[in-house]
Amino acid sequence: MTYEKDIPDYAMVPAKEMEERTIVPITKGAIYSPVQVTNITEKPKTTITLEEDILVPDTKPDLREILIIDGKSHLSVKEIDAIAKGDDYINLSGEIELQTLYLPEKQEGNLPIISVQTRVPFKDQWHTAMSAGATMTLDCSIEKIDYMVINERKYRVKVVLAIAAREYTDAKVELFEGLVSEDIQLLKESVEISNVALRKKDTLSIKEDIFPKEDSRPETILKQDINVVENYKQVSGDKVVINGFVYVNLLYFSASSVAASPVVPPSAAPEAAAADDCPADVSGASLPSSLGDLCSVDSVHQLQERVEFTQFIPIQQGDRQNGCNVCFDDSQLKVKLTQDDDGSDVFRLEGDLLTYLELYKNLEKEIIVDGYHRQKEFVCDFEEKSSRTLVGTTCGESSVREILSLENTGCEADRIIYTTAEVLSCESRCEQSKIVTEGVILAKLLCSCDREERRVFPIREEIPYRIVTAMPQLTGNEIISQKVYIKDLWAEKINGKQVEFNASLMVCAEIMRPTPFKVLTNPAFEEPGPGRQVSPMVVYICRGSDTLWQIAKRFKTTVASVKEVNELEGDTLSAGQKLLIIK
């Protein structure tokens with residue numbers, strides 16, 4: 001048996017030659033309308049770890065125990081414009097401002113707590129994928145600070161920096177609208193997309209006097225925390241109005257209290273020799289046991305103040321904007337001890353506040369998602385574009401209250417000297433038409449022991465928080481960018497073993513929805529070979545997934561014609577429904 005005899009007869013029929021087709025690109029007569037699109041993407045966060053040995057200045061006494069180390073990080077460059085093609089890394093540089101409070105090995109003078117201000121520069125490269133021609137904004141924050149005392153004149157600090165970046169890719173997209181000399185049936189869908197209409201930075205000079213507590217004459221600022229909090233913002237005509245306040249948290253030494261609460265000399269306090277029963281702070285470092293180390297902390301005060309400001313940023317008056325995003329750079333704001341015109345001692349907050357502003361504008365466009373010609377074969381490609389739509393901005397507030405136990409300190413609190421806190425983490429999600437923001441804040445307190453000698457010990461506690469904000473227009477797939485501010489904080493002593501910590505938090509969230517869309521490209525006519533005919537009249541039985549557009553395109557008629565011939569009032573079809581199609 002030969003191989004040919006095994007082949008069925010129907011398979012021996014010669015194959016038809018492939019029908020020749022000619023693609024004729026449409027180079028003239030095509031109508032396009034331009035639209036500006038901004039694609040916004042958040043880069044995955046990266047971290048930089050720095051280790052630095054810090055020497056105690058010669059003018060300061062020997063170090064025995066570190067109470068608190070706080071810091072703020074500042075980038076030298078926060079915006080990168082026109083990223084070159086082929087770049088895959090970002091040069092990062094800046095400095096970290098560290099504020100250290102420590103107890104001296106031996107009391108010298110009247111200062112019971114010693115402060116050290118240190119600036120640590122950093123430089124690194126961040127390898128990440130970037131789009132050519134894009135603009136990138138950078139943000140830097142301290143994620144964690146660890147420290148270790150090496151000896152009485154040196155300590156080591158390990159800082160973990162978190163770097164976040166946002167990439168803006170502006171593109172001018174040409175939307176196909178049709179042909180001048182040809183009648184093409186087009187299916188359009190309405191799409192709302194956002195673009196960054198304006199990106200701008202503005203400087204506000206601040207100079208405000210803050211008065212110390214009554215009956216206290218400040219001599220030294222031991223520590224200063226400065227944070228800028230946004231209250232509200234509004235786009236009004238040719239300007240953007242931003243209202244907020246600078247939250248100032250000071251720890252300072254006042255000479256007027258020393259005479260009232262002198263250091264207890266060893267001969268006057270024999271009972272202090274048994275001070276070893278107040279053994280350690282939360283970090284494990286031993287508390288002082290020598291009577292020569294004991295001093296009053298009544299001369300140390302905390303002062304909290306809000307300095308309100310209103311900033312007017314001029315913009316070009318135009319179409320209504322749909323929202324704006326604001327962030328602040330407060331690295332140039334400082335508090336110094338000076339005197340006012342009357343010769344009174346005051347704290348003066350002064351410097352420049354740099355504000356970064358982004359204005360968003362939503363555009364509603366009709367995008368062609370399909371098309372055909374009634375006599376010719378119309379072919380095209382579709383290119384997918386990425387964009388986002390600003391859903392809105394919102395703010396929410398919540399309070400945090402936590403009872404802190406002092407059991408691990410081995411001491412009883414007589415007085416709360418200083419209270420501060422920082423946001424360690426925050427994450428927002430959509431949940432049943434609400435935005436839920438959760439995270440952790442780190443509360444840090446300095447207290448004095450319930451003893452005449454006023455020993456100082458620290459308290460550190462991580463406290464969770466939750467802020468819920470209503471947002472009815474959420475669908476569940478939104479992208480949320482948030483900033484959490486500490487508006488206020490305070491602590492109260494309940495008893496010697498318990499302290500109540502309170503904080504007022506505010507979250508400002510920007511909600512965007514991913515909006516991918518397709519753009520019709522490469523329109524052309526396909527010229528088929530002879531023999532392709534479309535019947536002028538057919539009866540079509542609908543399937544469950546059919547639409548009027550699909551049926552009209554298949555038989556090269558129009559949706560209006562199908563509805564008129566079959567006397568259809570709506571666009572709904574049912575499976576098995578018969579339609580008369582007349583070309």
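Which residues is K487 in contact with, once its neighbours within four places in sequence are left aside? I would like to open with that question, and the answer is V229, F245, Y247, R306, E397, S504 and M506. Before I go further, please keep in mind that what we have above is a predicted model, so everything I say this morning describes that model.

Let me stay with K487 for a moment. The residue is found in strand β21, which covers residues 479–495, and K487 counts as buried because its relative accessibility is 11%, where the limit for that word is under 20%. Its side chain makes a polar contact of 3.0 Å with the side chain of E397, and E397 is also one of the residues in the contact list I gave at the start.

Now the chain as a whole. There are 583 residues in the chain, of which buried residues make up 45%, and the secondary structure comes to 2 helices and 25 strands. If we take contacts between residues at least 6 apart in sequence, 81% of them join residues at least 24 apart. The accessible surface comes to about 30,000 Å², with 46% of it belonging to carbon and sulfur atoms.

On confidence, the chain averages a pLDDT of 85, and 87% of the residues score at least 70. There is a stretch to treat with care, however: over residues 257–295 the pLDDT stays under 50, although the model has 74 contacts beyond four places in sequence for that stretch.

Let me turn to the salt bridges, of which the structure holds 38. I will begin with K334 and E97, whose closest N and O atoms are 2.7 Å apart. This pair links distant parts of the chain, since K334 sits in strand β14, residues 334–339, and E97 in strand β5, residues 89–104, with their positions 237 residues apart in sequence. As for how the two partners are covered, K334 is partly exposed, with a relative accessible area of 30%, whereas E97 counts as buried at 17% relative accessibility.

The next pair is D209 with R348, where the closest N and O atoms are again given as 2.7 Å apart. D209 lies in strand β9, residues 184–210, and R348 in strand β15, residues 345–373, so this salt bridge ties together parts that are 139 residues apart in sequence. D209 is partly exposed, with a relative accessible area of 27%, while R348 counts as buried at 14%.

A further pair is E383 and K385, whose side chains meet in a salt bridge of 3.1 Å, N to O. Here E383 counts as partly exposed at 40% relative accessibility, and K385 is partly exposed at 24%. Elsewhere, salt bridges that share partners join E42, R166, R199, E358, R388 and E510 into one network.

What about a residue in a loop? D330 lies in the loop between β13, residues 323–329, and β14, and D330 is buried, with a relative accessible area of 13%. A polar contact of 2.9 Å joins its side chain to that of K72. Leaving aside neighbours within four places in sequence, D330 is in contact with K72, H74, I226, N227, V228 and L353.

Another loop residue is T558, found between α1, residues 548–554, and α2, residues 559–565. T558 is buried as well, with a relative accessible area of 14%. Not counting residues up to four places away in sequence, T558 touches Q185, Y372, R374 and A552. For R374 we can add a distance: the two residues are 184 apart in sequence, and their C-alpha atoms are 8.2 Å apart in space.

I will finish at the surface. M537, V539, V565, L580 and I582 form a nonpolar patch there, with about 400 Å² of accessible area together. Strands β24, residues 537–541, and β25, residues 578–582, each supply at least two residues of this patch. L580 is found in strand β25, and why can L580, a nonpolar residue, belong to such a patch when it is partly exposed rather than exposed? The cut-off for patch residues is over 30% relative accessible area, and L580 has 31%, so L580 passes it.

Technical notes. Residues numbered from 1 in each chain as written. Predicted model: local features only at pLDDT ≥ 70, side-chain atom pairs only at ≥ 80, totals over all residues. Heavy atoms only, no water. Patch = residues over 30% accessible without salt bridge, like charges linked within 9 Å, V, L, I, M, F, W, Y side chains within 5 Å. Areas by Shrake-Rupley, 256 points an atom, 1.4 Å probe, with all protein chains shown as cover. Salt bridge = Lys/Arg side-chain N within 4 Å of Asp/Glu carboxyl O. Helix = DSSP H or I, 4+ residues; strand = E, 2+ residues; numbered from the N terminus. Buried < 20%, exposed > 50% of the residue type's maximum accessible area, 1.4 Å probe, protein only. Polar contact = N/O pair within 3.5 Å; in protein donor to acceptor, adjacent residues only side chain to side chain. Contact = heavy atoms within 4.5 Å. pLDDT = per-residue confidence, 0-100.
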